[in-house]
Amino acid sequence: MTQREIQRIIKEAGNIRISASKEEKWTAEYLAKEAEKLGAKARVEAFDVPVTTINSAKLIAGGREIPCKGYELCGSGRVEAPLVYIADFDPISLSKVKGKIVLSDSYPSTFTYHDMLDAGAVGFITYDGDVKWRDNDIDLRELRGYMAQGRKALGVNINAKEAVKLVKNLPMDVVIEIDQTEGMGKSWNTIAEIPGECDEWITMSAHLDSRPLAKGVWDNLTGCLTLLNTLEMAAKTGKHHYGLRCVFVGSEERGLLGSKAYVKDHEAELDKIALNVNVDMIGSIMGKVMCCVNAEESAVAYLNGFAAEKGFPVRAMQRVMSSDSSSFADKGVPAYSFGKMAPHNQAVIHSRYDDGSTVSAKQIQIDADFISEFTLKLADAAICPVPRKIPEKIKKELDEYFFRKRKDA
Ligand SMILES: [Zn+2]
């Protein structure tokens, strides 16, 4: 794909496109059209997701109203209690939360959320942003259904600068008041295919949605561009042995909802998928391409060999990545999951700073070409060189990632 084409697509689609919004739907349809222009057959598939409208959210701390955003899907009501700050969800910290509203450094996970409620917490406050940044942005967070499992508690998110002020001024009482209307809505996956000589597929995936504050050019329009780049290369280079199926995934940012829906709705076809190649963030101006391999050790060596041949450095390792590859691997489809780690002072995600300024068309082209060529090498293989087997080590990590099992202490 030319740098000019990359720039055009960033200009047209590099806008905020959160799960279940009309902008997300627009992007799903846009990517289908772009894929068709390149010679693929494309369609958009809807799936159900929980949605909500926050009518009002208020945090009053020590009599002062603090700017906040209510947690989506955490329920409605009012709670008043003393504030407690905990740096972690360890047993000693949790021994201090009974009857309190908890301000924590990290977002509670499935296990720590229930630990916190079991310990008697009556509400929670989280924060994001950065004390050094000039903005006072507050990200919109949600109490994910698989995390709460029907057990709701009122929560708000605030900016890091306010969180520091609260902790400095302890002790104090706080009030959380939220009113929201919860229901169901639609999100969208786009599927674009170029059939091969056999009836099996190499499936690529990249999420198309963004976080509420982010234009999501790096995270993850660059992944979508990699898929389009591969479709273009596949169409130009003639028939390949395996078919190429690209899944542009909706609602990844809410806990892989789109890829979970895809593998569920297409469960019967999964044994025809030899491999998944997932792309989540490439093309940052600085930084290093990584690849989390959800397959046998030999698949790591295979990628390392290709990287050496191309003179393209990749840090490949056998581990789970927090992206759509996990939904495929969890159903037995081995995966290569590519991403780029940029230094935190060059590029950050999930904020207003993921606006296109941290990537370049030139670097996107270089990174995408490498991944596309690697994918097509696999698509051209007589038999896929990656065994269709998920190692025990990865199965264990998936159990932990999907909160079926606690991580060993
Ligand atoms: Zn992402």
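The legends below describe views of a predicted model of one protein chain.

**Figure 1. The whole protein chain, with its 12 helices and 14 strands.**
The C-alpha atoms of the chain fill a box of roughly 70 × 45 × 40 Å, taken along the principal axes. The radius of gyration of the protein chain is 22 Å, and this agrees with the value near 22 Å for a compact globule of 409 residues. Of these 409 residues, 46% count as buried. Contacts between residues at least 6 apart in sequence were also examined, and 79% of them join residues at least 24 apart.

**Figure 2. The two domains of the protein chain and the contact between them.**
Domain 1 is made of two stretches of sequence, 3-50 and 186-401, whereas domain 2 covers residues 63-171. Nine residues from domain 1 and nine residues from domain 2 take part in the contact. On the side of domain 1 that touches domain 2, the residues divide by class into three nonpolar, three polar and three charged. The C-alpha centres of domain 1 and domain 2 are separated by 33 Å.

**Figure 3. The packing of helix α1 against helix α11.**
Helix α1 spans residues 3-13, and helix α11 spans residues 361-379. Their axes lie 9 Å apart and meet at an angle of about 110°. Angles of 65 to 115 degrees count as roughly perpendicular, and α1 and α11 are therefore described as roughly perpendicular to each other. From α1, the contact is made by Gln3, Ile6 and Gln7. From α11, the contact is made by Ala361, Lys362, Ile364 and Gln365. By class, the residues of this contact comprise three nonpolar, three polar and one charged.

**Figure 4. The surroundings of Leu73, a residue in the loop between β3 and β4.**
Strand β3 consists of residues 69-70 and strand β4 of residues 77-86, with Leu73 in the loop between these strands. Leu73 counts as buried because 20 C-beta neighbours lie inside 10 Å, and the cut-off for a buried residue is 20 or more. When residues up to four places away in sequence are not counted, Leu73 touches Pro50, Thr52, Glu142, Leu143, Gly145 and Glu182. Leu73 and Val156 are 83 residues apart along the chain, and 11 Å separates their C-alpha atoms.

Notes
Residues numbered from 1 in each chain as written. Predicted model: local features only at pLDDT ≥ 70, side-chain atom pairs only at ≥ 80, totals over all residues. Helix = DSSP H or I, 4+ residues; strand = E, 2+ residues; numbered from the N terminus. Buried ≥ 20, exposed ≤ 12 C-beta atoms within 10 Å, placed from the backbone. Contact = placed C-beta atoms within 7 Å. Rg over C-alpha atoms; globule rule 2.2 N^0.38 Å. Domains from an automatic or database assignment. Nonpolar A, V, L, I, M, F, W, Y, C, P; charged D, E, K, R; others polar. Axes fitted to C-alpha atoms, helices over the stretch in contact; angles between N-to-C directions. Parallel < 35°, antiparallel > 145°, perpendicular 65-115°, else oblique.
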